[in-house]
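Work through the exercises below with the structure open beside you, and try each task before reading its solution.

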Amino acid sequence: MTDTPTQLFIGGAWVDAADGATMPVDDPATGDILCHVADAGPKDAKLAEDAAVQAQEEWARTAPRVRSEILRRAYEIIVGRTDELAHLMTAEMGKPLAEARGEVAYAAEFFRWFSEEAVRIDGGLATLPDGRNRMLLSRRPVGPCLLITPWNFPLAMGTRKIGPAVAAGCTMVLKPAPQTPLSSLALAAILKEAGLPDGVLNVVTTSRAGEVCEPLLRGGRIRKLSFTGSTAVGQLLLAQSAQAVVRTSMELGGNAPFVVFEDADLDKAVDGAMVAKMRNMGEACTAANRFFVHRSVAEEFGRRLAERMGALVVGPGTRDGVDVGPLIDRRGRAKVEELVADAVERGAQVLVGGRTPEGPGCFYPPTVLADVDPGSRLMDTEIFGPVAAILTFDDEDEVIRRANDTPWGLVGYVFTEGLDRALRVSERLEVGMVGLNTGLVSNPAAPFGGVKQSGLGREGGRVGIDEFLEYQYLAVPVR
Ligand code: NAD
């Protein structure tokens, strides 16, 4: 912790907020203050924007191979410092160290992936239909970007945006979530060490997100917003982006259905449920939010899931053997408590968990609810906690209709041993991603993203870099 930067990173220098303001960073496992970081205001944001705008032209001209090798070096540094970064993330976010190490590897992979994509940006030459005119097509960086990230994957949500922006030749202002600023500051230090030129990445940590971001979005110099966070904030930012016609990528909330058919392999389904529900303590946009289980296997599935969930060890993420860390803060935990209370009031049975432990920290136990009433609030709210809500269904058409009956469409999980059914159901689910007999879809090589109110655009995969590139077409008549 002692070496972790706590100042703003602007134009390649570490600086205090112009008014000297700082904000505390809390440890969710104890409620103690870990440290204070600079709390930027609009003046600081403008300086960061100036730096990004100034660096843009030269950065766009930098050879792709140079950009590629900076990312590759940053990848190597991150992997080499896995333990240090994992401890930092666990301290500010709460996830168990084993999961934090997993996120470091996942985060690093985005840099490796986009270091490989940076040198594959291509264009084209075509003869137009009249047989005479030619079309020259090139790709250019979209320009200075504003990147806004959430607290739940403090490192990976940053690299998933910075990787393609660096590869494409864009400069950036990164605004991390106020709960987890340290991982982003550490990332900035690593990129500087890897050779990223001054001004290409600027980081503003702030408790005043609205005041800091709105002028940038409305000002006309930021050409791209890449946002990961809640749908409500995404909708607000889309409206703010309209004035200056800022290009947007939106990775928003989810309400994932997890469907277990009568022909599913229940071992696979329970394993998948443990991952889809418990990865990151349930604080993931991809977390299974609604378990639809065929009536004939619902009791058995609920019993086995409750047994596995009940065996998990809850505690501070730094302690050996802990599977489930604290939730991010008291507000996050209060929301989970309210959703469980509402479901129980409407008749849900608590198979395991459901009781907030005494003592410091924001802990909540792994919980399984059966016979959940479809009118319960947790059916149309992201739970964002370790609570599995089980409902039953009788036939395929019915479960598809119910799974799609939500404004969100990020991911769905389907468990069946029948190939026909797997493909049929997947194609009818209104989601950007489907886990077939698996509870994990995230992979840097795959296009991550949702439909409906879960977002716009994709991150990762071959298409991830497209979000940071524009086309330019040259009309060339040949006589
Ligand atoms: P949030 O929307 O509250 O905050 C996300 C970010 O937006 C933070 O940096 C926050 O400071 C900032 N923000 C808040 N108000 C703002 C404003 N007025 N102007 C500019 N920035 C503003 O979300 P959160 O609680 O940090 O994260 C959880 C949410 O993120 C969940 O809904 C989850 O599903 C979603 N999420 C989505 C993905 C995805 O890839 N689809 C990944 C992770 C998390």
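The exercises that follow go from the domains to single residues and then to a surface patch.

The model is predicted, so local features need pLDDT of at least 70 and side-chain atom pairs count only at pLDDT 80 or more, while totals for chains, interfaces and linings use all residues. Residues are numbered from 1 along each chain as its sequence is written, and side-chain values use heavy atoms, with hydrogens and water left out.

**Exercise 1. Find the domains and describe what lies between them.**

Begin with the bounds, which come from an automatic or database domain assignment: domain 1 is given as 8–252 + 454–475, and domain 2 as 256–443. Next, take the C-alpha centres of domain 1 and domain 2, which lie 31 Å apart. Then look for contacts, meaning heavy atoms within 4.5 Å; here 20 residues of domain 1 meet 29 residues of domain 2. The size of an interface is often given as the accessible area lost when the parts come together. Counted in this way, as the accessible area (1.4 Å probe) that two parts lose on being put together, summed over both, about 2,000 Å² is buried between domain 1 and domain 2, and carbon and sulfur atoms give 59% of that area. Finally, search for salt bridges, that is, a side-chain nitrogen of Lys or Arg within 4 Å of a carboxyl oxygen of Asp or Glu; the count between domain 1 and domain 2 is zero.

**Exercise 2. Decide whether T180, R421 and V344 are buried, partly exposed or exposed.**

The classes rest on relative accessible area (1.4 Å probe, protein chains only): buried is under 20%, exposed is over 50%, and partly exposed is in between.

- T180 sits in the loop between β8 (172–175) and α6 (181–193), and it counts as buried because its relative accessibility is 1%.
- R421 belongs to helix α13 (residues 419–428), and with a relative accessible area of 15% it is buried. Leaving out residues up to four places away in sequence, R421 touches F261, E262, D263, E396, T416 and S426.
- V344 is part of helix α11 (residues 330–345), and its 36% relative accessibility makes it partly exposed. Beyond its neighbours within four places in sequence, V344 is in contact with V350 and L369.

**Exercise 3. Which residues form a nonpolar patch on the surface together with V476?**

Start from V476, which lies in strand β22 (residues 469–476). The other members of the patch are L125, L136, L474 and V478, and the accessible area together is about 380 Å².

Methods: Patches are made of residues with over 30% relative accessible area and no salt bridge: like charges are joined within 9 Å, nonpolar side chains (Val, Leu, Ile, Met, Phe, Trp, Tyr) within 5 Å. Accessible areas come from the Shrake-Rupley method with a 1.4 Å probe; for residues, only the protein chains shown count as cover. Helices (H or I, at least four residues) and strands (E, at least two) are DSSP runs, numbered from the N terminus.
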